[in-house]
Amino acid sequence: MTRTVSLIQLGIGHVGAAVVELVVKRAARWRDDYDIAVRYAVLADSTAMVAAPEGELDGPLAHALAGALERRHAGLPLASFPDAVAWDNTDAVLEGTLARAAAPEDVVVLDCATGERTTPLLLAARAAGASIVLANKDPLAGPLERFRALVGGAGRGSLRLSATVGAGLPIAATLAALIASGDTLLALDARASGSLGFLCDRLSAGARFDAALREAMARGYTEPDPRQDLSGFDVARKLLILARLAGGDAELADVHVESLAPPGAETLERDTFLARLPRYADHLAERAEAARAHGRVLRYVGRIDERGAPRAELVDLPADAPLARGGGPENVFVLRTARYDTTPLTISGPGAGVSVTSGAVVADLLRALGVA
Ligand SMILES: NC(=O)c1ccc[n+]([C@@H]2O[C@H](COP(=O)([O-])OP(=O)(O)OC[C@H]3O[C@@H](n4cnc5c(N)ncnc54)[C@H](OP(=O)(O)O)[C@@H]3O)[C@@H](O)[C@H]2O)c1
């Protein structure tokens with residue numbers, strides 16, 4: 001008998017919209033190949049949720065989906081949708097979806113949102129035995145107890161998190177599988193920020209800070225407010241997730257983070273900061289010059305040591321070091337474990353981008369359904 005799977009998708013921004021498109025495009029194929037009918041039950045943005053009474057991708061929800069996405073493209077939030085449900089009612093939305101599913105593991109929550117607001121829904125879904133797929137790092141970067149509740153779950157369903165680190169590069173699942181099979185992480189060194197990788201590359205080549213940052217923004221490598229990248233906070237969250245997957249018990253406050261934001265820039269309004277960028281032309285120039293004088297390059301590097309204490313900082317490296325090779329937004333993860341000791345395991349590739357990230361979310365969805 002055809003298995004029907006209901007999706008609750010939180011977040012329909014760049015990544016979320018691409019996930020919807022991919023799911024809609026692949027659904028017929030999954031039905032043929034796996035005898036699984038995937039239907040959207042709920043879509044949410046920051047303003048509201050839209051729940052479908054019933055139907056499959058080609059049924060009534062197709063109209064709801066198309067309507068919701070059209071509204072967003074027209075700049076209208078989901079709250080303007082006639083049957084929009086407020087975020088306060090997430091319990092009822094989840095319960096309604098679970099009640100209509102044959103089994104809790106036939107409900108999958110895709111979190112393509114940002115921030116921690118989705119966490120209560122995710123915890124409730126896990127406790128009920130549903131599966132979760134995350135692109136959103138924030139629910140995993142809160143208190144350790146919450147991380148464990150999400151990752152451990154209630155024995156049914158599963159949590160997949162490929163897209164939270166390295167935009168879907170096979171790092172999180174690989175590390176988790178190594179640890180689960182008895183390996184031990186000795187050290188992990190990473191270049192885990194596409195935007196900071198690009199910035200360091202340009203600075204090492206002699207570019208001015210303001211010009212390099214503007215170029216990173218123009219290429220879409222940074223968050224809308226680039227200070228979120230410069231603060232190192234994004235790298236800190238990724239390191240925390242990896243450290244916890246390796247069995248560590250760190251909290252976000254334990255991660256040592258060096259900010260690359262110019263002094264005083266954190267407290268400015270975003271637009272004021274951007275207007276003042278030329279004032280920061282020489283920011284980090286001395287460090288870049290000192291590195292160049294010794295034939296080295298700047299890199300923003302994250303490290304988890306044997307005690308599992310993550311740190312993220314600007315360092316200079318020989319140009320042929322594994323973490324220095326490959327420029328721009330590429331991510332590199334070098335894992336030294338008890339098994340991969342003399343020759344570390346290196347995973348590298350694009351660490352940002354809508355296409356690879358949405359693809360990783362959909363691949364995780366198929367893993368959650370047990371077919372990939
Ligand atoms: N883009 C990448 O390359 C990449 C790579 C790896 C991981 N990720 C992660 O994937 C997630 C989505 O990224 P994106 O680039 O698609 O971001 P985005 O375009 O800003 O979209 C974010 C989506 O989340 C919703 N949202 C924001 N705050 C929310 C809240 N408090 N409650 C509920 N919904 C909320 C937004 O709703 P509104 O539209 O109403 O604002 C929007 O639909 C993020 O967590 C990001 O860190 C992205």
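Colleague: How much area is buried between domain 1 and domain 2, and what share of that area do carbon and sulfur atoms give?

Modeller: Buried area is the accessible area, taken with a 1.4 Å probe, that two parts lose on being put together, summed over both; in this predicted model, about 1,400 Å² is buried between domain 1 and domain 2, and carbon and sulfur atoms give 72% of that area. On the side of domain 1, the residues that lose the most area to domain 2 are Lys 137, Val 165 and Leu 169, which together give 38% of what that side buries.

Colleague: Which residues make up the two domains, and what may I take for granted about numbering and confidence?

Modeller: The bounds come from an automatic or database domain assignment, which gives residues 3–169 together with 355–368 as domain 1 and residues 181–350 as domain 2. Residues are numbered from 1 along each chain as its sequence is written, and side-chain values use heavy atoms, with hydrogens and water left out. As the model is predicted, local features need pLDDT of at least 70 and side-chain atom pairs count only at pLDDT 80 or more, whereas totals for chains, interfaces and linings use all residues.

Colleague: How far apart are the C-alpha centres of the two domains, and how many residues are in contact?

Modeller: The C-alpha centres of domain 1 and domain 2 are 30 Å apart. Taking contact as heavy atoms within 4.5 Å, 16 residues of domain 1 meet 19 residues of domain 2.

Colleague: How many salt bridges and how many residue pairs in polar contact are counted between the domains?

Modeller: A salt bridge needs a side-chain nitrogen of Lys or Arg within 4 Å of a carboxyl oxygen of Asp or Glu, and two are counted between domain 1 and domain 2. The side chains of Lys 137 and Asp 234 form a salt bridge at 3.4 Å, N to O. A polar contact is a pair of N or O atoms within 3.5 Å, where, within protein, one must be able to donate a hydrogen and the other to accept it, and residues adjacent in sequence count only if both atoms are side-chain atoms; five residue pairs, both members at pLDDT 80 or more, are in polar contact between the domains. Helix H5 (residues 144–152) gives the largest share of the side of domain 1 that touches domain 2, namely three residues, and the residues of that side comprise 10 nonpolar, three polar and three charged.

Colleague: Is Thr 119 buried or exposed, and which residues does Thr 119 touch?

Modeller: Buried means under 20% relative accessible area, exposed over 50%, and partly exposed in between, with a 1.4 Å probe and protein chains only; Thr 119 is buried because its relative accessible area is 3%. Thr 119 lies in helix H4 (residues 119–128), and a polar atom of its side chain is 2.9 Å from the backbone oxygen of Glu 116. Leaving out residues up to four places away in sequence, Thr 119 touches Pro 139 and Arg 146.

Colleague: Where are Asp 35 and Ala 167 found, and what is phi in each?

Modeller: Asp 35, a residue other than glycine, has a positive phi near 60°, and is found in the loop between helix H1 (14–34) and strand E2 (36–44). Ala 167, also not a glycine, has a positive phi of about 50°, and lies in the loop between strand E6 (159–160) and helix H6 (172–180). Asp 35 counts as partly exposed because its relative accessibility is 35%, whereas Ala 167, at 8%, counts as buried.

Notes
Helix = DSSP H or I, 4+ residues; strand = E, 2+ residues; numbered from the N terminus. Nonpolar A, V, L, I, M, F, W, Y, C, P; charged D, E, K, R; others polar.
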